[in-house]
Amino acid sequence: ISFVSQYLPGSQTQASYPAVTHTGPPDEDYALIIGDSQIDGHFGSEVEQKLKEKYATVKRLGKGGSRASHWVGTETHYGDLLGTTLNPALTTSQPGLIFVSLGDNGTTGAEDLLKFLRASAPSAKIIWSGPGKLARSLNSTAMDHLQGSKFNESQRTRIDRNKELARIIKGPNVVFLDGYDNWPSTLVTEKARLDGAGYVCEEDCDGIHYTRGAAASYANAISGQLLADL
């Protein structure tokens, strides 16, 4: 394993570390998962279990509150995620599949992260999932973003972020999954549909982080992409 001497090609901001390059072929039995609190929680656990049906080695890297810019080293609010977490996962072996779930907290750095991953794992299939649908909580003490006009505003923000990511996340062997377009219809009950929500959360939930049941349904909905041949 060696390191590329230059920084990310075409990037407007330099990352803390150059891309990783491997002399051998990719490990088609290795899948890498990268994301925010959704990946650190139920959704990441469900995606990991799905990928283990096909891949012998699955590594899951999740950091709550993170954006792509944190993972590529242009923001360090959460420390050196690139140097201490992502870089080692790419150095051990070149993954055959990289699954990214980022966008809930903003799209900053998405283009740079895609370039970094493509340079570090040229043969990998990259699947990037955007923000999924919000839940409507029946809990009267739900957070502000689940109340009245705040809900519509939060939902519009997530739709716009999916659109922005769809413009960025593209290229050979790259798949972008719009979290709204791919949201499982089985979760959208009549009550959820009337509210414009992705599902109704009867238990205590914040509406953003998928419940275990919603996470499992969403992972099932995209499993065809997750387990497709490279």
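**Notebook: aromatic pairs and a helix contact**

I looked up Tyr199 first and found that it counts as buried, because its relative accessibility is 4%. I note that the model is a predicted one.

I then checked Trp183, which also counts as buried, at 6% relative accessibility. The ring centres of Trp183 and Tyr199 lie 5.9 Å apart with the planes at 20°, so I recorded the pair as stacked. Trp183 belongs to the loop between β8 (174-177) and α7 (190-195), while Tyr199 is in strand β9; the pair therefore ties together parts 16 residues apart in sequence.

I counted the aromatic pairs of the structure and obtained seven. One of them joins Phe43 and Tyr210 edge-to-face, at 5.6 Å centre to centre and with 85° between the planes. Phe43 is located in helix α2 (residues 42-51) and Tyr210 in the loop between β9 (199-201) and α8 (212-221), so this pair ties together parts that are 167 residues apart in sequence. I found Phe43 buried, with a relative accessible area of 1%, and Tyr210 buried, at 5%.

I traced the ring pairs further: they link Phe43, Phe99, Trp183, Tyr199, Tyr210 and Tyr218 into a cluster.

I looked separately at Phe151 and noted Arg136 over the face of its ring, at 4.0 Å from the ring centre.

Lastly I examined helices α4 (residues 81-92) and α5 (residues 110-120), whose axes come within 11 Å and cross at roughly 35°. The crossing is right-handed. Leu82, Leu86, Asn87 and Leu90 of α4 make the contact with Leu113, Phe116, Leu117 and Ser120 of α5. I classed the contact residues as six nonpolar, two polar and no charged.

Conventions. Residues are numbered from 1 along each chain as its sequence is written. This is a predicted model: local features need pLDDT of at least 70, side-chain atom pairs count only at pLDDT 80 or more; totals for chains, interfaces and linings use all residues. Side-chain values use heavy atoms; hydrogens and water are left out. Axes are lines fitted to C-alpha atoms, for helices over the stretch in contact, and angles run from 0 to 180 degrees between N-to-C directions. Helices (H or I, at least four residues) and strands (E, at least two) are DSSP runs, numbered from the N terminus. A crossing is left-handed if the near helix is turned anticlockwise from the far one by less than a right angle, and right-handed if clockwise. Contact means heavy atoms within 4.5 Å. Ala, Val, Leu, Ile, Met, Phe, Trp, Tyr, Cys and Pro count as nonpolar, Asp, Glu, Lys and Arg as charged, and the others, Gly among them, as polar. Rings of Phe, Tyr and Trp (its six-membered ring) pair if their centres lie within 6.5 Å; planes under 30 degrees apart count as stacked, over 60 as edge-to-face and the rest as tilted. Buried means under 20% relative accessible area, exposed over 50%, partly exposed in between (1.4 Å probe, protein chains only). A charge sits over a ring if NZ of Lys or CZ of Arg is within 6 Å of the ring centre and within 35 degrees of the ring normal.
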